[in-house]
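I opened a fresh page for this structure. My plan was to start with the ligand and then turn to the aromatic rings.

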Amino acid sequence: MKRVVALESTVIAHGLPQGINFETALNMERAVKENGGIPKTIGILDGRIIVGVNEEEMRRLGTGRNVLKVGTAEISYATAMKRDAATTVSATMAIAKLNGISVFATGGIGGVHRGVDWDVSQDIIELSRTRMIVISAGVKSILDVPKTLEFLETFGVTIVGYKTDCFPFFHCSKSPYKINLTIDSPEEAVMILKEKERLGIEGGLLVANPIPEMDSMDYDELRALIESALKAAVKEGISGKTLTPYLLGKLALLSGGKTLDANISLLINNAALGGLIAANSGEEL
Ligand code: PSU
Ligand code: MN
């Protein structure tokens, strides 16, 4: 759909604490608009899929007690059971695709978790089968980044760095992990997606967009905080869908709110780039 940027709702309902989640969601929509895009935040209310929630619906997703967190696999449960549900990266992509939307901005995609035996996000599978530009600040720093990169490669996801050859570390603009492919403009992202379409190649184009330098955290400090958060999760036996929200919450606590500020900054930054890409996408995308 012309100039539209999809936004997810899990980050509102489960990724950010109440109080700032609603405001951040609105600021993301504003960032998309300021850059020429049309934001559509996706969510499920009473089993109804909504592409472009209004403020009241956004507030309900952000404050409701019984809001499910759904990946693609759980969308049909939420709609059949008439539930309220926030959509993760995978579910947002699946719904965006059904609605002809080709650009989606998020914070960080899910991937291969650390510290637990085996936990790989549905996000990677959806990225492997849905042709769409997904803007993210790398993958969440709580994950096993090298393993996540290997999985993305295995599943045929195209990864490009936006003005960087370094795979960003979510809260931190730098990491030891390199990206082979780089783009320098929004137009280039659009060109690559159009080529995928022309050649009949499925799968996402992950645009890794580093957090702005002034809001970036120190890499070593962040690593140490993540180790502590992971230890706490193992000790408390946290697993499954609650693991990501738990770790993000714990990190915010341990860092005195620094990870939260960084998370908000990168979300806005990604929404802004989403707006720019969508504005440059022309008629066909
Ligand atoms: N990025 C954030 N905060 C989040 C998420 C990503 O800044 O809350 C969410 C996304 O919706 C992503 C989900 O799809 O976490 C991944 O969860 P899991 O690891 O359970 O697959
Ligand atoms: Mn998981």
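I count a residue as being around a molecule if one of its heavy atoms lies within 4 Å of that molecule. I also note that this is a predicted model.

Entry one: the shell. I looked up what surrounds ligand 1 and found 16 residues. Glu8, Lys69, Ser121, Asp123 and Thr244 come nearest. I then sorted the shell by residue type. Four of its residues are nonpolar, eight are polar and four are charged.

Entry two: polar contacts. I checked side chains against the oxygen atoms of ligand 1. For Asp123, a side-chain N or O atom is 2.7 Å from an oxygen atom of the ligand. For Asn263, I read 3.1 Å between a polar side-chain atom and a ligand oxygen. For His113, the corresponding distance is 3.3 Å. Next I looked up how much of the ligand is covered. On its own, ligand 1 has 470 Å² of accessible area, and the protein covers 95% of that.

Entry three: the site. I found ligand 1 in the largest pocket. Two elements give two or more residues to its shell: helix H1 (10–15) and helix H10 (243–254). H1 gives the most, with three residues.

Entry four: aromatic rings. I found three aromatic pairs in the structure. One of them joins Trp118 and Phe151 edge-to-face, with 6.4 Å centre to centre and 65° between the planes. I traced both partners. Trp118 lies in the loop between strand E6 (103–105) and helix H6 (122–129), while Phe151 lies in helix H7 (residues 145–154), so the pair ties together parts 33 residues apart in sequence.

Technical notes:
Residues numbered from 1 in each chain as written. Chains lettered and ligands numbered in written order. Predicted model: local features only at pLDDT ≥ 70, side-chain atom pairs only at ≥ 80, totals over all residues. Heavy atoms only, no water. Polar contact = N/O pair within 3.5 Å; in protein donor to acceptor, adjacent residues only side chain to side chain. Areas by Shrake-Rupley, 256 points an atom, 1.4 Å probe, with all protein chains shown as cover. 1 Å grid on protein atoms, 1.4 Å probe; cavity = no way out; pocket = protein on both sides within 12 Å on 5 of 7 lines; lining within 4 Å. Sits in = over half its atoms within 2 Å of the grid points. Helix = DSSP H or I, 4+ residues; strand = E, 2+ residues; numbered from the N terminus. Nonpolar A, V, L, I, M, F, W, Y, C, P; charged D, E, K, R; others polar. Phe/Tyr/Trp six-rings, centres within 6.5 Å; stacked < 30°, edge-to-face > 60°.
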